[in-house]
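Got your viewer open? Load the model shown here, switch to a cartoon view, and follow along stop by stop.

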Amino acid sequence: VAAGPTDQKLYVVGRISHSLAVVDVSLPSAPTIVGGLINANQLRFATACALWGGSHVVVVGSQTVATVDVSDPTLPRVVGSVSDRNKLDYMSGVAVDGDHAYVAGTDSTSVGVVDLKNPAAPVVVSSLSSTGSSSFEEPDSVTVLHTSRGSYAYASAYGSDGLVVLGIPPPPPSDVCDQYCP
């Protein structure tokens, strides 16, 4: 479940139904489904979602990260997706920070990093892993925190009942990125 900060909407994924529902909660005692989407390919076994940029929801599932346009909550639509069996395997948690999604996958020992700058063509750019850590089995949720010492992804690990702190490298200088980044 993801919540819109101001629009009184909840975004709810359906694992078995491969779906995303948009729920109006402006009347808390009577939530109302105002829109929905079923997509067995790009929302396959959807397990988690996060709001991104106010008009998109990032949905993770079996081996796919999908960007869904929810600017019209009555008619959400998938605008892009990316799959990567090595870095995005059976995902169960997602956190969005800026233009990046951090994705925890229970069949991996890393957190995948997906660049969302182009919602129609998200790209897996890297993965963060805890090398040599026996406490990082089957990560199932992730969040991102910025501190005075840097940025970190915190992932809980279902398979080992652990919490792992993963450093997020700083982005390259913008002048380098303008010339060399996709």
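Before you click on anything, one term: two strands count as paired if DSSP finds at least two bridges between them. The strands themselves (E, at least two residues) and helices (H or I, at least four residues) are DSSP runs, numbered from the N terminus.

You're looking at a predicted model, where local features need pLDDT of at least 70, side-chain atom pairs count only at pLDDT 80 or more, and totals for chains, interfaces and linings use all residues. Residues are numbered from 1 along each chain as its sequence is written, and side-chain values use heavy atoms, with hydrogens and water left out.

**Stop 1: the whole protein**

Color by secondary structure and you should find one helix and 15 strands. Now switch on the surface: the accessible area is about 9,400 Å², and 52% of that belongs to carbon and sulfur atoms. Accessible areas here come from the Shrake-Rupley method with a 1.4 Å probe, and for residues only the protein chains shown count as cover.

How much of the protein is buried? Of its 182 residues, 41% are. Buried means under 20% relative accessible area, exposed means over 50%, and partly exposed is in between (1.4 Å probe, protein chains only).

A contact means heavy atoms within 4.5 Å. Taking contacts between residues at least 6 apart in sequence, 40% join residues at least 24 apart.

**Stop 2: strand 3 and its partners**

Select residues 19-24, which is strand 3, and show side chains: six of its six residues are buried. In a regular strand the side chains alternate between the two faces of the sheet. Here Ser19, Ala21 and Val23 are on one side, Leu20, Val22 and Asp24 are on the other, and both faces are covered.

Add residues 9-14, strand 2, which pairs with strand 3 in the antiparallel sense over six bridges. To see one of the matches, click Lys9 and look across to Asp24, its bridge partner in strand 3.

Then add residues 32-38 for strand 4, which runs antiparallel to strand 3 and is joined to it by six bridges. Click Val22 this time, and you'll find Gly35 of strand 4 opposite.

**Stop 3: His18 in the loop**

Zoom in on His18, in the loop between strand 2 and strand 3. These two strands form a hairpin with four residues between them, and His18 takes a positive phi near 55 degrees.

Is His18 buried or exposed? At a relative accessible area of 14%, His18 is buried. For its neighbours, select Leu37, Ile38, Asn39, Ala40, Leu43, Arg44 and Phe45: His18 touches these, not counting residues up to four places away in sequence.

**Stop 4: a four-stranded sheet**

Next, show strands 5 to 8, which form an open sheet in the order 5-6-7-8 with antiparallel pairing. Strand 5 (48-52) and strand 8 (77-83) stand at the edges with a single partner strand each, so one side of each has no neighbour in the sheet. The twist averages 20 degrees from one strand to the next; for such angles, axes are lines fitted to C-alpha atoms (for helices, over the stretch in contact), and angles run from 0 to 180 degrees between N-to-C directions.

Select residues 56-60 for strand 6, which is antiparallel to strand 5 and joined to it by five bridges. Leu51 and Val57 stand opposite each other there.

**Stop 5: a three-stranded sheet**

Move on to strands 13, 14 and 15, an open antiparallel sheet in the order 13-14-15. Which strands are at the edges? Strand 13 (139-147) and strand 15 (162-168) are, each with a single partner strand, so one side of each is left without a neighbour in the sheet. Here the twist averages 25 degrees from one strand to the next.

Strand 13 and strand 14 form a hairpin with two residues between them, paired antiparallel over eight bridges. Click Pro139 and you'll see Ala157 of strand 14 opposite.

On the other side, strand 14 (residues 150-157) pairs with strand 15 in the antiparallel sense over seven bridges. Ala153 stands opposite Leu166, and Tyr154 stands opposite Val165.

**Stop 6: two tyrosines**

Stay with Tyr154 and add Tyr152. A search of the whole structure finds one aromatic pair. The rings of Tyr152 and Tyr154 have their centres 6.5 Å apart and their planes at 55 degrees, so the pair is tilted. The rule: rings of Phe, Tyr and Trp (its six-membered ring) pair if their centres lie within 6.5 Å, with planes under 30 degrees apart counting as stacked, over 60 as edge-to-face and the rest as tilted.

Turn the surface back on to finish: Tyr152 is partly exposed at 23% relative accessibility, and Tyr154 is partly exposed at 23%.
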